[in-house]
Amino acid sequence: MEVPFQDGTKEQGPQGKKTQAELYRQALKALDQHCRSAFGGSAFAALSAQQKDALIAEMEAGKLAFGGKQGSFLKQLLKDAQQVYFADPVYGGNR
């Protein structure tokens, strides 16, 4: 987390000054701002299932960028969710 920052390999993930928590906070704040402006002041949690699905589809298609490259937040979110899911001891993780 110190300069000089270099492009990391795919396995190393993002290289930069911000922590993963800071990147998440930045992206979630941008997502909330987008929802409030696009859906009449409603936060993401208040959207209907159809609106959430449409928004996630836009993110998946790379049409929205929340604090990084287009599509990067959703990719990171999915990767982290998979890691958390498979870290469950039922699947052999966290022994």
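Among contacts between residues at least 6 apart in sequence, what percentage join residues at least 24 apart? In the predicted model examined here, the value is 25%. The protein contains three helices and zero strands, and its elements follow the pattern α-α-α when read along the sequence. Of its 95 residues, 18% count as buried. The accessible surface of the protein amounts to about 7,300 Å², of which carbon and sulfur atoms supply 54%.

The largest nonpolar core comprises 10 residues, namely Ala27, Leu31, Cys35, Leu47, Leu55, Met59, Leu64, Phe66, Phe73 and Leu74. Two or more residues of this core are given by each of H1, helix H2 (49–60) and H3. Helix H1 provides the largest share, with three residues.

Phenylalanine 66, one of the core residues, is placed in the loop between H2 and H3. Its relative accessibility is 7%, and phenylalanine 66 therefore counts as buried, the cut-off for this class being under 20%. When residues within four places in sequence are left aside, phenylalanine 66 is in contact with Ala27, Ala30, Leu31, His34, Met59 and Phe73. Among these partners, Ala27, Leu31, Met59 and Phe73 are also listed as members of the core. For the pair formed by phenylalanine 66 and alanine 30, a sequence separation of 36 residues is accompanied by a C-alpha to C-alpha distance of 5.4 Å.

A further core member, leucine 47, has contacts with Cys35, Phe39, Ser42, Lys52 and Leu55, again leaving aside neighbours within four places in sequence. Of these partners, Cys35 and Leu55 belong to the core as well. The contact with Lys52 involves a residue of helix H2. Lysine 52 is partly exposed, at 24% relative accessibility. Not counting residues up to four places away in sequence, lysine 52 touches Phe44, Ala45 and Leu47. The C-alpha atoms of lysine 52 and cysteine 35 are separated by 9.6 Å, with their positions 17 residues apart along the chain taken as the sequence separation.

Aromatic pairing was examined next. A search of the whole structure identifies two aromatic pairs. In one of them, tyrosine 24 and phenylalanine 73 adopt an edge-to-face arrangement, with a distance of 5.8 Å centre to centre and an angle of 75° between the planes. Tyrosine 24 belongs to helix H1 and phenylalanine 73 to helix H3, so this pair ties together parts that lie 49 residues apart in sequence. The two partners fall into separate accessibility classes: tyrosine 24 is partly exposed, with a relative accessible area of 22%, whereas phenylalanine 73 is buried, with a value of 9%. In the other pair, the ring centres of tyrosine 85 and phenylalanine 86 are 4.9 Å apart and the ring planes stand at 85°, so this pair is likewise edge-to-face.

Tyrosine 24 is also touched by aspartate 80, a residue of helix H3. Not counting residues up to four places away in sequence, the contacts of aspartate 80 are Gln20 and Tyr24. At 19% relative accessibility, aspartate 80 counts as buried, because the class requires a value under 20%.

The structure holds one salt bridge. This bridge is formed by the side chains of aspartate 32 and arginine 36, with an N to O distance of 2.8 Å. Both residues lie in helix H1 (residues 20–38), where they are four residues apart, about one turn of the helix. Aspartate 32 is partly exposed, with a relative accessible area of 26%, and arginine 36 is likewise partly exposed, at 41%.

On the surface, Tyr85, Phe86, Val90 and Tyr91 form a nonpolar patch that has about 470 Å² of accessible area together. Two members of this patch, tyrosine 85 and phenylalanine 86, are the partners of the edge-to-face pair with centres 4.9 Å apart. Tyrosine 85 is partly exposed, with 44% relative accessibility. Tyrosine 91 is located in the segment after helix H3 (72–86), and it too is partly exposed, at 44%.

Note on methods:
Residues numbered from 1 in each chain as written. Predicted model: local features only at pLDDT ≥ 70, side-chain atom pairs only at ≥ 80, totals over all residues. Heavy atoms only, no water. Patch = residues over 30% accessible without salt bridge, like charges linked within 9 Å, V, L, I, M, F, W, Y side chains within 5 Å. Areas by Shrake-Rupley, 256 points an atom, 1.4 Å probe, with all protein chains shown as cover. Salt bridge = Lys/Arg side-chain N within 4 Å of Asp/Glu carboxyl O. Buried < 20%, exposed > 50% of the residue type's maximum accessible area, 1.4 Å probe, protein only. Core = buried A, V, L, I, M, F, W, Y, C linked by side-chain atoms within 4.5 Å. Contact = heavy atoms within 4.5 Å. Phe/Tyr/Trp six-rings, centres within 6.5 Å; stacked < 30°, edge-to-face > 60°.
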